[in-house]
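This report walks through one protein chain, from its sheet and core to its charged pairs. Please keep the sequence and the 3D view at hand.

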Amino acid sequence: CAYEAAGGGVLATAAAIRLPDKAYLMRLGPQAYVDLREEPGAAARYINDCRNPARYNLAFDKRPAEGRAVAVVGDGGVG
């Protein structure tokens, strides 16, 4: 499951911070953001962000050069 926009669109920081809705915005690295706000078919956009690191069951392998992040499932001790 990958967090990537159709067509591989990556936003620079200046464009990302101007977005009115950042609900589906992920920072991949310096000057590399991906926004899935308009990608309702992207399953990765529905992964919940658990605020307690002890409860993580997955991690994102962020790949800014590829313009995406890949979800890596763990056993509850990821992170």
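Burial comes in three classes here: buried means under 20% relative accessible area, exposed means over 50%, and partly exposed lies in between, with a 1.4 Å probe and protein chains only. The model is predicted: local features need pLDDT of at least 70, side-chain atom pairs count only at pLDDT 80 or more, and totals for chains, interfaces and linings use all residues. Residues are numbered from 1 along each chain as its sequence is written, and side-chain values use heavy atoms, with hydrogens and water left out.

**Sheet**

Helices (H or I, at least four residues) and strands (E, at least two) are DSSP runs, numbered from the N terminus. Two strands pair if DSSP finds at least two bridges between them. Three strands form an open sheet in the order β1-β5-β4, and the pairing is antiparallel. The edges are β1 (2-3) and β4 (58-63). Each has a single partner strand, so one side of each lacks a neighbour in the sheet. Two bridges join β1 to β5 (residues 68-73) in the antiparallel sense. Within β5, A69 is the residue opposite Y3.

**Y3 and its ring partner**

Y3 counts as buried because its relative accessibility is 6%. F60 is partly exposed, at 27% relative accessible area. Rings of Phe, Tyr and Trp (its six-membered ring) pair if their centres lie within 6.5 Å; planes under 30 degrees apart count as stacked, over 60 as edge-to-face and the rest as tilted. By this rule there is one aromatic pair. The ring centres of Y3 and F60 are 5.9 Å apart and the planes stand at 80°, so the pair is edge-to-face. This pair links distant parts of the chain: Y3 sits in strand β1 and F60 in strand β4, 57 residues apart.

Contact means heavy atoms within 4.5 Å. Beyond neighbours within four places in sequence, Y3 contacts several residues, including Y24, L25, R45, G67 and R68.

**Core**

A nonpolar core is a set of buried Ala, Val, Leu, Ile, Met, Phe, Trp, Tyr and Cys residues joined through side-chain atoms within 4.5 Å. Which residues make up the largest nonpolar core? There are ten: Y3, A5, M26, L28, A32, V34, L36, A42, A44 and A69. β2 (25-29) and β3 (32-35) each supply at least two residues of this core. In soluble globular proteins, nonpolar side chains tend to be buried together.

The loop between β2 and β3 holds Q31. Phi of Q31 is near 55°, a positive value in a residue other than glycine.

**Salt bridges**

A salt bridge is a side-chain nitrogen of Lys or Arg within 4 Å of a carboxyl oxygen of Asp or Glu. By this rule the count is six. The table shows three among them.

| Pair | Closest N to O distance |
|---|---|
| D35 and R37 | 3.1 Å |
| R37 and E38 | 3.3 Å |
| E66 and R68 | 2.8 Å |

Shared partners join E4, D61, R63, E66 and R68 into one salt-bridge network. E66 is partly exposed at 45% relative accessibility. R68 is also partly exposed, at 22%.

Is D35 buried or exposed? D35 counts as buried, because its relative accessibility is 14%. D35 lies in strand β3. Outside the residues up to four places away in sequence, D35 touches A5, L11, L19, Y24 and L25. The partner R37 is partly exposed at 26%. E38, which bridges to R37, is exposed at 61%.

**E39**

E39 belongs to the loop between β3 and β4. At 22% relative accessibility, E39 is partly exposed. With residues up to four places away in sequence left out, E39 touches A5, A6 and R45. A polar atom of the E39 side chain lies 3.2 Å from the backbone nitrogen of A6. The C-alpha atoms of E39 and R27 are 16 Å apart, with their positions twelve residues apart along the chain counted as separation.

Terms used. Polar contact = N/O pair within 3.5 Å; in protein donor to acceptor, adjacent residues only side chain to side chain.
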